[in-house]
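Reader: I'd like to learn how to read a fold from the atoms up. Can we go through one together, feature by feature?

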Amino acid sequence: MKKQNGFTLVELMATTVILALVVSVAVPSLTSMFEKKNIPEIAKLFERSIKLARTEAINKNSTVDIIPNSGNTDWSQGWYIQYTNSAGKAELIRNFEAVPGNPTFTSDLVDRAIRLQILSTGQAFVTGKFKLFSPDNCTVADSYNFELLSSGMLKKEEGECP
């Protein structure tokens, strides 16, 4: 009788079932781990976008608007930066896509009705506060409070989970 190499169909099916169970348990915890890592990256991106808007306002000697894509106080759907050129037409400077994962990123003041504007002097026309955190497994290290100061600078500090 010839010796056979390899696995039987039953062994292969049992291994596949065990692998599927392990993956179904591991994926949710990996997702939350990646989302928690995204919160500091989103905070850095928001800081850089405010600095970009301030720089563009000064360079273009024009008022620059920072507007949430959602049309309300939810900034997790992304935002864009624009200015009005000399012909009175709005020109897009940069669009920031929706943030990955399921973070909460809101503002207490700024929405489409009350635009966040950086004047040509680099100062903010309207000041506002922002809160960024992950609603799932929130920790202080992954929660940020931002405050746009009248100087046009953004103040960032670690926040508290709700």
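Reader: Start with contacts: what share of the contacts in the chain with a separation of 6 or more comes from residues 24 or more positions apart?

Author: A contact here means heavy atoms within 4.5 Å. Of the contacts with a separation of 6 or more, 51% are between residues 24 or more positions apart. Before we go on: this is a predicted model, where local features need pLDDT of at least 70 and side-chain atom pairs count only at pLDDT 80 or more, while totals for chains, interfaces and linings use all residues. Residues are numbered from 1 along each chain as its sequence is written, and side-chain values use heavy atoms, with hydrogens and water left out.

Reader: Which elements does the chain run through from the N terminus on?

Author: Helices (H or I, at least four residues) and strands (E, at least two) are DSSP runs, numbered from the N terminus. Here that gives one helix and eight strands, in the order α-β-β-β-β-β-β-β-β.

Reader: And burial: how much of the chain is buried?

Author: Buried means under 20% relative accessible area, exposed means over 50%, and partly exposed is in between (1.4 Å probe, protein chains only). By that cut, 31% of the 162 residues are buried. The accessible surface is about 10,000 Å², with 56% of it belonging to carbon and sulfur atoms; areas come from the Shrake-Rupley method with a 1.4 Å probe, and for residues only the protein chains shown count as cover.

Reader: Let's zoom in on one residue. Is Gln 82 buried or exposed?

Author: Gln 82 is buried at 13% relative accessible area, and its place is in strand 2 (residues 79-84). Leaving out residues up to four places away in sequence, Gln 82 touches a list of residues that includes Thr 63, Asp 65, Glu 91 and Arg 115.

Reader: Now pairing. Which way do strand 6 and strand 7 run against each other?

Author: Two strands pair if DSSP finds at least two bridges between them. Strand 6 (residues 128-133) and strand 7 (residues 143-148) are antiparallel, with six bridges, and Gly 128 faces Leu 148 of strand 7. Strand 7 goes on to strand 8 (residues 154-158), again antiparallel, through five bridges; there Leu 148 sits opposite Leu 154. Strands 7 and 8 make a hairpin with five residues between them, and Gly 152 in the turn has a positive phi of about 90°.

Reader: What about the loop before strand 7: where does Asp 142 lie?

Author: Asp 142 is in the loop between strand 6 and strand 7, and counts as buried at 11%. From C-alpha to C-alpha, Asp 142 and Gly 159 are 8.0 Å apart in space, with their positions 17 residues apart in sequence.

Reader: How do I read the faces of a strand? Which side chains of strand 4 point to the buried face?

Author: In a regular strand the side chains alternate between the two faces of the sheet. In strand 4 (residues 104-107), Phe 105 and Ser 107 point to one face and are buried, while Thr 104 and Thr 106 point to the other and are not. Strand 4 pairs with strand 6, antiparallel, over four bridges, and Thr 106 has Lys 131 as its bridge partner there.

Reader: Last big topic, rings: how many aromatic pairs does the structure hold?

Author: A pair of aromatic rings is described by the distance of the centres and the angle of the planes. Rings of Phe, Tyr and Trp (its six-membered ring) pair if their centres lie within 6.5 Å; planes under 30 degrees apart are stacked, over 60 edge-to-face, and the rest tilted. The structure holds 12 such pairs. Take Phe 46 and Trp 79: they are edge-to-face, at 5.4 Å centre to centre and 85° between the planes. Phe 46 lies in helix 1 (residues 9-60) and Trp 79 in strand 2, so this pair ties together parts 33 residues apart in sequence. Phe 46 is buried at 0%, and Trp 79 is also buried at 0%.

Reader: And which class does the pair of Phe 105 and Phe 130 fall in?

Author: Phe 105 and Phe 130 are tilted, with 6.3 Å between centres and 50° between planes. Phe 105 belongs to strand 4 and Phe 130 to strand 6, so the pair links parts 25 residues apart in sequence. Phe 105 is buried at 0% and Phe 130 at 3%. Ring pairs also join a cluster whose members include Phe 46, Trp 79, Phe 105, Phe 130 and Tyr 144.
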